[in-house]
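Reader: I am new to this one, so could we go through it together step by step?

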Number of protein chains: 2
Amino acid sequence: MSGSKLTMEFKHQATVTLAEVAEAAGVGESTVSRVLRNHGSFSGKTRERVMAAVERLGYVPNRIAGTLASTGSRLVAFVIPSLSNIVFPDVLRGASTVLEENRYQAVFSVTDYDPGKEEALAAAMLAWRPAAVMLAGYEHTEGTAKMLRASGCRVVELLDLDGDALDIAVGFSNRAAGRESAAFLLRRGYRRIGYVGHDLNRDTRAGKRFSSFCETLDANGTPLVAHEILAGPSSVENGRLGLERLLARATDLDAVYFSNDDMALGGYFHCLAQGISIPSQLAIFGYNGLDIGRAIPQPLSTIRTPRVATGEIAAQLIVANAPPQAVDLGFELIEGATA
Amino acid sequence: MSGSKLTMEFKHQATVTLAEVAEAAGVGESTVSRVLRNHGSFSGKTRERVMAAVERLGYVPNRIAGTLASTGSRLVAFVIPSLSNIVFPDVLRGASTVLEENRYQAVFSVTDYDPGKEEALAAAMLAWRPAAVMLAGYEHTEGTAKMLRASGCRVVELLDLDGDALDIAVGFSNRAAGRESAAFLLRRGYRRIGYVGHDLNRDTRAGKRFSSFCETLDANGTPLVAHEILAGPSSVENGRLGLERLLARATDLDAVYFSNDDMALGGYFHCLAQGISIPSQLAIFGYNGLDIGRAIPQPLSTIRTPRVATGEIAAQLIVANAPPQAVDLGFELIEGATA
DNA sequence: ACTCATATTGGCAGCGCTGCCAACCGAAAA
DNA sequence: TTTTCGGTTGGCAGCGCTGCCAATATGAGT
């Protein structure tokens, strides 16, 4: 019983409305609204009276009501494949900084790399009438694309530029990354190259890197010698396991390309544990440019991607209501010491 | 000009309302509402007619309006210190799974470990009238606590149990973690112990671990020999740097406790690079139980924390509208090979 | 003192949906 | 035939705020 009483008291507290503030301040509702949003004109003493009442009553504006009444929503919806893959927290981090500065609010949901789930979650997001929906890459179901197009809200596709954008795209070319990785290894003189990766049907961006990587090797007349694809998400452990399996099958590799740095670190540790010397016996090349790659005894050779910047720029474009466009942030090849 | 026309078309598309669906289906608004929420009673043929109209018009319910009209909001607000520290993405991951299953929506913002910012962001969150606000730990400003208490919405404090909860708390005791870490090292025979950590004023949970760790050493009559605190967030690079500095000052340490696994990995790599043999010359102990700690050549000795489970349980309690309580999920000491 | 432009202000109709309530519709019961 | 009752259904008043517009106040100019 004291529980329910408490609840009621809470409810009462929570329920201070604009109208009550207006009454307490002895002004009209619209005046309070103008003062709080600092929009329109009002006198200094009015402002003080209103602020005093707000303070006294502990008024917290109701954004739900505000959003319904006005037009734009200041909500930005992220539909991301994963939170385990550090890429996405990094993007969110970049975006949230900019969004918070501009009083936007981020909402998110996680698709687990499942296009069907992406469609369902995108629909759920649209129900909040966000200012923008941000998703990873270009590979969406027909339904998702149709829905987004029809929604009238801005759409930002992140971390990929190899395809046609629905509206805005911010990122870099994964195909170019795969190509440059291969070119680098070839330039360094490696010829018997293998690959260790995770599920490419789900992570289509990793798939694009892999296929361009292979094409580049083919064009050079030194095709990929062997590859090992592990089910499940990328992880250090899987990288280690993958390299172990790959080397069991292909003993004479001189370099291995990994789907990303997590996997590459696993490979690095495998070599460390097995006494395989890097890069003289085996070279290792990753993707992402994680900080940890610089802290291991031999800095990891990899490609550094602008993950945080991708989030920042995407958010800035939305805040500024920029026209449709594709922004190429590029990437940086880190020579490192492992290849 | 074609741009503005496009916008208008979009707007038109986006603007399908419940009333239009009702009209198209030849039924009343409330009937459509009942069918869509599968709540209340309606006949089978009515259901079909409504669903057909929804499909035909591409209707997406407006949750903003729905939330305003009804009472509870199905929004859960996360106010987290950081997205760089993997702890928080892990918690979000656990929570988002449960929330999505229950048609709740997660919103978040990042305080950057700043209590003042936390207060501002919590206020902004409250404006969305969420069903619950989830924050890290117990250390909030007076203002934050007061505001949350007055808000009438559920509050969940995560990842800490050493203090008094506002409402619900889910996590484990950081003090116990510090204590057990020290006890483990002592049990193993280490006596000249050092510490490498990051900014403890900001990360108060790391601070609690550190102080309990020291108390335990003191109680044993073998106080901490030296410590090195680095400004800025925890990172592998800082761990490496920290250990380097620590060893420069205290040459005869036999074990080092790190504020978390990131830092510990940095220390591990430093030893690897310097040829310091682990654990015979120097033992290393971390905190968090990251996967990568198991993949390095010598598995890291550490404490594994239930980060994902913390998010899951917290979300479940909110979904179930559980009464105020503190849930201790405990942690697991991993003996590893580095201490 | 009188006029007119400008600065302030309040009233009120929605935004799109939910919740309540009255109305309606057979079919079973009287 | 009339009454009864549960299953269905539509109408409509808000939820709390914003945007528009009319009303009032202020102040400078003559």
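Author: We can take the two protein chains and then the DNA, keeping in mind that this is a predicted model.

Reader: How is chain B laid on chain A?

Author: A turn of 180 degrees, with a shift of 0.0 Å along the axis, lays chain B on chain A with an RMSD of 0.1 Å. The two copies are thus related as by a two-fold rotation axis.

Reader: And which residue of chain B comes closest to the rotation axis?

Author: That is B:Val107, whose C-alpha lies at 2.0 Å from the axis.

Reader: How many residues of chain B are in contact with chain A?

Author: There are 49 residues of chain B in contact with 49 residues of chain A, and on the chain B side the largest share, 6 residues, comes from strand S2 (residues 105-110). By class, that side of chain B divides into 28 nonpolar, 12 polar and 9 charged residues.

Reader: In what sense do strand S2 of chain A and S2(B) pair?

Author: They pair in the antiparallel sense, over 3 bridges, and in one of the pairings A:Phe108 has B:Ala106 of S2(B) as its bridge partner.

Reader: Changing topic, which residues are closest to DNA strand D?

Author: Of the 28 residues that surround DNA strand D, the closest are A:Leu18, A:Gly66, A:Ala69, B:Gly28 and B:Thr31.

Reader: Which helices supply at least two residues of that surface?

Author: From chain A these are helix H2 (18-25), helix H3 (29-37) and helix H5 (63-69), together with helix H3 (29-37) and helix H5 (63-69) of chain B.

Reader: And how many residues of each class does the surface near DNA strand D have?

Author: The surface near DNA strand D has 15 polar, 10 nonpolar and 3 charged residues.

Definitions and conventions:
Residues numbered from 1 in each chain as written. Chains lettered and ligands numbered in written order. Predicted model: local features only at pLDDT ≥ 70, side-chain atom pairs only at ≥ 80, totals over all residues. Least-squares fit on C-alpha atoms with pLDDT ≥ 70 in both. Contact = placed C-beta atoms within 7 Å. Helix = DSSP H or I, 4+ residues; strand = E, 2+ residues; numbered from the N terminus. Nonpolar A, V, L, I, M, F, W, Y, C, P; charged D, E, K, R; others polar. Pairing = 2+ DSSP bridges. Near = placed C-beta within 6 Å.
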